[in-house]
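Colleague: I'm new to this one, so could you walk me through it and tell me how each label is earned?
Modeller: Sure, have a look first and then ask away.

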Amino acid sequence: MEIAVVWVPADLEPPEPAVAMCVAHVRRHAYRSAGVIRAPWETVEQMMVDGEVDVVVIADRGHLPPDRSPRIEVAGTPDVEAGEVAGTPLG
């Protein structure tokens, strides 16, 4: 069973809607919960590096810091301009 942690940014107020959404997701996927973390992203990042959690659940993609590590990008998302890859024009 995969271990999941819910991460809610420390500055998000009120946190309850995000926590409720994430906890419901954890339950739907039958993850083993490691709890809710309200701390800087680096805290969750270290938990992943240390192998303490398999899954980080967030309520909104916008909660993630843009300079986070590991850096994860999804091809075809609106922030990728047509005709560009990783900020480099094609052609």
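Colleague: Why is Arg38 called partly exposed?
Modeller: This is a predicted model, and in it Arg38 has a relative accessibility of 33%. Buried means under 20% and exposed means over 50%, so at 33% Arg38 counts as partly exposed.

Colleague: And Glu13, is that buried or exposed?
Modeller: Exposed, because its relative accessibility is 56% and the cut-off is over 50%.

Colleague: What makes Arg38 and Glu13 a salt bridge?
Modeller: Their side chains come to 3.5 Å, N to O. The rule asks for an Arg or Lys nitrogen within 4 Å of a carboxyl oxygen of Asp or Glu, so the pair qualifies. Arg38 sits in the loop between β2 (32-37) and α2 (41-49), while Glu13 is in the loop between β1 (3-7) and α1 (16-28). The two are 25 residues apart, so the pair links distant parts of the chain.

Colleague: How many salt bridges turn up in the whole structure?
Modeller: Just 1.

Colleague: Moving inside, what makes a set of residues such as Ile3, Val5 and Trp7 part of a nonpolar core?
Modeller: Residues of the listed nonpolar kinds have to be buried and joined through side-chain atoms within 4.5 Å. The largest such core has 10 residues, including Ile3, Val5, Trp7, Ile37, Trp41 and Leu64. Two elements, β1 and α2, each give two or more residues to this core. Another core, of 9 residues, lies apart from it, with Val6, Val8, Cys22 and Val26 among them.

Colleague: Which residues does Leu64 touch, leaving aside its neighbours within four places in sequence?
Modeller: Leu64 is in contact with Trp7, Trp41 and Ile58.

Colleague: How do you know that β1 and β2 pair?
Modeller: Pairing takes at least two bridges, and these strands have 4, so they pair, in the parallel sense. One partnership to look for is Trp7 with Ile37 in β2.

Colleague: Why are β2 and β3 called edge strands?
Modeller: The open sheet has 3 strands in the order β2-β1-β3, with parallel pairing. Both β2 and β3 (55-57) pair on one side only. Neighbouring strands are turned by 25 degrees against each other on average, direction ignored.

Colleague: Where do the helices go?
Modeller: α1 packs on the sheet and touches β1, β2 and β3, its direction making about 170 degrees with that of β1. α2 lies across β1, β2 and β3 and runs at about 175 degrees to β1.

Conventions: Residues numbered from 1 in each chain as written. Predicted model: local features only at pLDDT ≥ 70, side-chain atom pairs only at ≥ 80, totals over all residues. Heavy atoms only, no water. Buried < 20%, exposed > 50% of the residue type's maximum accessible area, 1.4 Å probe, protein only. Contact = heavy atoms within 4.5 Å. Axes fitted to C-alpha atoms, helices over the stretch in contact; angles between N-to-C directions.
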